[in-house]
Amino acid sequence: MKSTWAAFFLYFLTWTITLFGGCNRPGDITAEPDSQSIALPKIRVGVVGDRQLGEEIQNQWRSSMDAELELQIIEPSAFAEENFASIARVDVFVYPSRYKADLIDKKKLLPIPDHLLETDDFNQRELLRPYRDTLVKFEGNWIAVSLGEPRPAVFYRTDIFAGNNLRPPQTWQQYNVVAEQISKLRSASSTPEDQMLFRVLEMHEPNAWGKNFAIRAAPYLMAQGRFSTFFDIRSMAPYILSPPFEQALADLIAAQPNVEFVSPQDAYQSILLGKAAMVITWPSISWTVLDANSTQIAEPLPISVVALPTASQRYDYSRERWVESESGAFTVRYEGFEGMLASVNVDAEFSTTARLFVTWLASKPFSTRLRTLAPHFGATRASHLGNLSPWLGDDLPADTKTKYSDIVRDYSQAELRMTWLPIAGVDSYEAALNSALQRVINGESKIEGALSDVENAWQALTEERTVERQSRLYRAELGL
């Protein structure tokens, strides 16, 4: 066994089991007296949907720990079925962040003892705020580690903006205006290259409009001291049929004629390859595959970046009217929208090794390796912010990299937080929302009618699961 993990684990082995529940079972770990040699059992690790990630974890565990693991790749569509039957035979599982509340509700997660988080390699104090806060905790207890959540931003071509008197958008309504202006430039273009360049792209997954909708809604409803977002924190009554969400949907509809909604990877690759003037996405060079006729870029691309648009006004629910947004920086921390968590199965056969494994997975050495592999992860540590090239690539100007680092830091420190539906039954709530949004975008429903349908569906889902259960999950995710 290599690195400081061996010495650390020997030191804590004898009292881990005694002081922190979830005792390891016979055969979990064996160690020779007065020896630095530990034999770790072959744990079973399930990874949802990403074989490349799973195989890299397997290889790195073997290399750094002299231990083997049995890898199981879980199909995303099967993960939550039949009370999470897909994880019945694994010790650890890596899964989309959005399922955390469901897993808590089903009592599937084994807490991670605090002392396992105090090693020099894990160094939780160096983690950015989201990765040591409620994203990985439940009622104060660590129940997961995060492999990182990507942070979207607005990337734009500075030469095109300067040459056409355009400014990067600060609000969602300005974003629609700029998108329309770029669309007009495309219509006036005479060459295929210019027509390809004068495009606006936005990250989007098929049949999943909810997140494009939510990032537009947040600035209209968030304010210092306000915790309720999709639901009232006490009654769990949906806020979906209220002015901020209606305005957000209106903004999303207005974007449709002039914005192409594509995968996050296509959006980022397009701005790097000169096939877009402005994109909203998160960066990852693991996506970028230059076509066969591409040549090496000799100088940095004329691309800059700004944070996601905000709003000049917000809705005051207590006074039931629109007010001017607070002056100064307005940054919302989006959590649970993307990214992956790793947790220990409450029924893990080798629980002590499993908990060691998840802290190793989020340790500084492995997270540094991981960031070059997974396109849907993001920086998790303060030390990552000093070098974001593994995500951004080497073709952007140095000041653009610095600006994006500042954006990630601001996101991480933001007090305003919008978490993606942190309740049980997230798939059902999402399906109701996405179906209604799709109908409006297709022109089959009006905004008010569609959001009323979502409100009714959400109320029924909450009643089915009980207000008390959902409120407990919702409030815990907000740190209340």
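**Helix packing and sheet order**

Me: Does α9 pass α16 in a left-handed or a right-handed crossing?
Reply: In this predicted model, local features need pLDDT of at least 70 and side-chain atom pairs pLDDT 80 or more, whereas totals for chains, interfaces and linings use all residues. Residues are numbered from 1 along each chain as its sequence is written, and side-chain values use heavy atoms, without hydrogens and water. A crossing is right-handed if the near helix is turned clockwise from the far one by less than a right angle, and left-handed if anticlockwise. The way α9 passes α16 is right-handed.

Me: How is α9 oriented to α16?
Reply: Helix α9 spans residues 243-255 and helix α16 residues 447-465, with axes (lines fitted to C-alpha atoms over the stretch in contact) 10 Å apart. The two pack at an angle of about 125° (between N-to-C directions, from 0 to 180 degrees). That makes the orientation of α9 to α16 oblique (neither under 35, over 145 nor 65 to 115 degrees).

Me: How many charged residues does the contact of α9 with α16 have?
Reply: F245, E246, L249, A250 and I253 of α9 meet I447, E448 and L451 of α16 (heavy atoms within 4.5 Å). By class, this contact has six nonpolar residues and no polar ones, and its charged residues (Asp, Glu, Lys and Arg) number two.

Me: Which strands stand at the edges of the open sheet?
Reply: Five strands form the sheet in the order β12-β11-β13-β10-β14, with mixed pairing (at least two DSSP bridges). Two of them have a single partner strand each, so one side of each is left without a neighbour in the sheet. The edge strands are β12 (260-262) and β14 (303-306).

Me: Which residue in β14 is the bridge partner of F155?
Reply: Strand β10 (residues 153-157) and β14 pair in the antiparallel sense over four bridges. In β14, the bridge partner of F155 is V305.
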